[in-house]
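Please give a guided tour of this structure for someone who has it open in a viewer. Say what to select at each stop and what is found there.

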Amino acid sequence: SLHESLVKYDNPLLVSTTAAEKKGGGKGKKRSEAGGKGGSGYLSSQTEDILNSILPPREWTEDGQLWVQYVSSTPATRLDVMNMQEQLDRKLQQRQARETGICPIREELYAQCFDEVIRQVTINCAERGLLLLRVRDEIRTTITAYQVLYESSIAFGVRKALVAEHHKAEMQNKVKQLQAEKEDLLRQVAELTDRCNLVKERELERQKHDAAKHEDEFAKYKKNNDQCKAQLESLLTAPQRA
């Protein structure tokens with residue numbers, strides 16, 4: 001049902017039936033009902049007040065009627081504790097609570113179970129109940145602090161991820177720019193290589209041409225030299241024949 005809980009409550013009490021009664025005398029009537037509830041004989045008025053301060057009564061409106069439900073002041077038996085444990089296991093399974101990790105459903109059910117334990121202990125000893133209340137509140141404060149730390153760490157991680165994404169975009173643009181510069185430099189290298197090859201080819205052609213010209217001139221000079229040598233020899237040998 002809507003108000004189902006592992007904490008044991010008494011039957012709901014009708015406080016008012018109209019909005020005017022709720023605004024006017026609803027509060028006073030509720031306290032009178034609370035006094036009537038204490039007449040069961042289980043608890044003293046002081047212990048019951050402590051119990052109601054630890055686990056405040058629940059209020060809700062249904063069909064224009066204001067209802068209030070106080071936590072039960074009936075002591076729990078060993079069978080009640082065993083039934084609560086079975087009910088806890090059944091609810092964990094029915095609501096498909098996760099067995100590990102962060103699970104709001106499991107957290108809610110175990111919080112209800114702890115509140116029921118506090119109720120049972122408070123009925124027997126109000127001081128122990130107040131001590132358990134301090135333990136419960138400290139645990140909740142610690143969990144809240146861890147939740148704040150977790151959320152802040154998530155926000156920090158998100159900011160870091162955004163900064164990293166921004167830097168990634170900048171680096172990608174830088175890489176594109178460097179790649180463009182690389183392509184331009186490669187194009188310049190290719191042009192200069194082609195120019196160097198063309199210069200080498202022209203130089204080889206010029207060297208071949210010069211070498212051929214040199215050979216022709218050398219052959220021409222050698223031929224002239226041989227002719228001059230032959231003429232000189234013929235002139236030197238002419239008087240001896242006479």
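The tour goes from a pocket to two loop residues.

This is a predicted model, in which local features need pLDDT of at least 70, side-chain atom pairs count only at pLDDT 80 or more, and totals for chains, interfaces and linings use all residues. Residues are numbered from 1 along each chain as its sequence is written, and side-chain values use heavy atoms, with hydrogens and water left out.

Select Cys103, Glu107, Ile139, Ile143 and Gln147 to begin: of the 16 residues lining the largest pocket, these lie nearest its centre. A pocket here is an open set of points on a 1 Å grid over the protein atoms alone, where a 1.4 Å probe fits, with protein on both sides within 12 Å along at least five of seven lines; lining residues have an atom within 4 Å of a point. The volume of the largest pocket, meaning the space filled by probe spheres set on the points, is about 460 Å³.

Next, colour α5 (104–124) and α6 (126–241), the elements that give two or more residues to this lining. The largest share, 8 residues, comes from α6. Helices are DSSP runs of H or I with at least four residues, and strands are E runs of at least two, numbered from the N terminus.

Now go to Aspartate 63, in the loop between β2 (58–62) and β3 (65–69). Its phi is positive, about 55°, although Aspartate 63 is not a glycine. Aspartate 63 is exposed (over 50% relative accessible area, 1.4 Å probe, protein chains only), at 75%.

Last, select Glutamine 96, in the loop between α4 (78–94) and α5. Glutamine 96, not a glycine either, has a positive phi of about 55° and is exposed, with a relative accessible area of 67%.

Methods. Buried < 20%, exposed > 50% of the residue type's maximum accessible area, 1.4 Å probe, protein only.
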